[in-house]
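Where does the ligand sit, and what lines the space around it? The paragraphs below start from the ligand and work outward.

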Amino acid sequence: MSELAVRVAAQAKLNLHLRVLSRDESGYHSLETIFHRIDLADDLTIEITERGRTLDVTGAETGPVESNLAWLAARAYADYSGWPAGFSIQLLKRIPVGAGLGGGSADAAAVLRGLDSLSSRPLGNNALIAIASRLGSDIPFLASDAVMALGWGRGERMLSLPPLPRQDVLLMTPPFSVRTADAYRWLDEDRAGVVAEPETILLKSRQFASWDDISKFGRNDFEAVVASHHPGISDYLARLRGSRASFAGMTGSGSTLFGILDSPPNYSKVPEEHRGRITTTRTSIDVVQPIRLG
Ligand code: C5P
């Protein structure tokens with residue numbers, strides 16, 4: 001290992017609230033969402049090399065390197081900053097893929113933060129968010145120094161909020177994944193021909209101050225349409241809501257469902273056939289900083 005290497009925990013996110021608003025001429029929808037980091041993280045090691053640029057992925061099948069968000073983020077950072085050297089990135093996947101937990105986005109954000117921490121002329125958080133916003137919707141939040149944020153636009157505009165008290169989280173990843181583009185299309189089809197009531201809203205910061213507030217306010221517009229294409233979702237959600245979760249929902253466009261709990265879940269109450277689909281973690285109270293190695 002060279003002297004210049006870092007380890008970065010790429011924390012995943014939950015959407016505690018997700019409204020999909022109008023679609024613009026480019027076909028993209030604007031959002032209103034509450035992001036919250038969780039401790040479940042992929043593990044990245046980034047090493048500066050003299051020349052070659054490489055990405056090695058273990059732990060899950062993520063397709064060709066050239067389309068991996070971590071790779072695209074490294075290239076974008078190198079172009080933007082005029083990175084003079086090479087890099088070698090090792091990525092160990094732990095976050096389920098295609099699950100709405102922002103796994104690929106977390107990796108991209110961790111690459112941006114890791115490379116910037118290795119640079120002799122760091123760009124700083126605002127520049128990282130600007131690079132991130134060109135790469136995908138969840139990346140600006142995960143590249144930021146916020147633990148919890150209200151996001152709007154395509155997720156590149158954010159208001160950082162004080163993190164909620166730490167809670168245990170049960171994640172249930174069904175045996176199918178949902179393509180983001182399909183979820184938006186299903187929502188458009190569902191809304192076609194329906195004249196939407198104009199919605200005006202004044203959000204109050206106290207609506208995001210406790211888990212109780214979030215459970216009264218939070219909803220996910222994708223939940224009903226994804227459940228209509230994958231009926232299993234309703235069953236899993238009903239189980240979570242019937243358990244001692246104080247708040248349960250779907251994150252992103254699915255398919256992972258989450259339950260927020262006051263204490264670690266009791267596995268003996270989880271039906272045997274579902275145990276392999278469950279991951280336990282906790283909500284984060286801070287952003288894990290890159291750690292220098294060597
Ligand atoms: O961000 P990502 O590349 O995963 O988006 C996949 C597809 O989801 C886009 O091509 C678009 O059809 C849809 N999308 C959208 N509005 C957003 C984000 C994604 O319509 N804010």
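A molecule is taken to sit in a pocket if more than half of its atoms lie within 2 Å of the pocket's grid points. A pocket here is an open set of grid points with protein on both sides within 12 Å along at least five of seven lines. The model is predicted, and in this model the ligand sits in the largest pocket.

Begin with the shell around the ligand. The residues that form this shell are Gly27, Tyr28, His29, Ser137, Thr180, Ala181 and Tyr184. Taken alone, the ligand exposes 450 Å², and the protein buries 67% of that. Helix α5, residues 180–191, gives the largest share of the shell, with three residues. By class, the shell holds three nonpolar and four polar residues, and no charged ones.

Two shell residues place atoms at short listed distances from ligand oxygen. For His29, a polar side-chain atom lies 2.6 Å from an oxygen atom of the ligand. For Gly27, the atom is a backbone N or O, and it lies 3.3 Å from an oxygen atom of the ligand. Both pairs can be read against the cut-off for a polar contact, which is a pair of N or O atoms within 3.5 Å.

Now widen the view to the pocket as a whole. The largest pocket has a volume of about 1,200 Å³. It is lined by 49 residues, and the closest to its centre are Leu69, Ser105, Ser137, Asp138 and Thr180. Ser137 and Thr180 also belong to the residues around the ligand. The elements that each supply at least two residues of the pocket lining are β1 (5–23), β2 (29–49), α2 (103–118), α4 (139–143) and α5. In contrast to the ligand shell, where no residue is charged, the pocket lining includes nine charged residues, together with 18 nonpolar and 22 polar ones.

The enclosed space is a separate matter. How many cavities of 30 Å³ or more are there? The count comes to one, and the largest cavity holds about 40 Å³ of space. Its lining consists of Ala9, Ala10, Gln11, Arg37, Ala106, Ala109, Ala110, Arg113 and Leu142. β1 and α2 are the elements that give two or more residues to this lining, and the largest share, four residues, comes from α2. The cavity lining divides into six nonpolar residues, one polar and two charged. Both β1 and α2 also supply residues to the lining of the largest pocket.

One backbone feature remains. The peptide bond from Gly254 to Ser255 is cis, with omega near 10 degrees. Ser255 is placed in the loop between β8 (247–250) and β9 (257–261).

Note on methods: Residues are numbered from 1 along each chain as its sequence is written. This is a predicted model: local features need pLDDT of at least 70, side-chain atom pairs count only at pLDDT 80 or more; totals for chains, interfaces and linings use all residues. Side-chain values use heavy atoms; hydrogens and water are left out. A residue is near a molecule or strand if one of its heavy atoms lies within 4 Å of it. A polar contact is a pair of N or O atoms within 3.5 Å; within protein, one must be able to donate a hydrogen and the other to accept it, and residues adjacent in sequence count only if both atoms are side-chain atoms. Accessible areas come from the Shrake-Rupley method with a 1.4 Å probe; for residues, only the protein chains shown count as cover. On a 1 Å grid over the protein atoms alone, a cavity is a set of points where a 1.4 Å probe fits but cannot get out, and a pocket is an open set with protein on both sides within 12 Å along at least five of seven lines; lining residues have an atom within 4 Å of a point. Ala, Val, Leu, Ile, Met, Phe, Trp, Tyr, Cys and Pro count as nonpolar, Asp, Glu, Lys and Arg as charged, and the others, Gly among them, as polar. Grid points are joined across faces, edges and corners, and a volume is the space filled by probe spheres set on the points.
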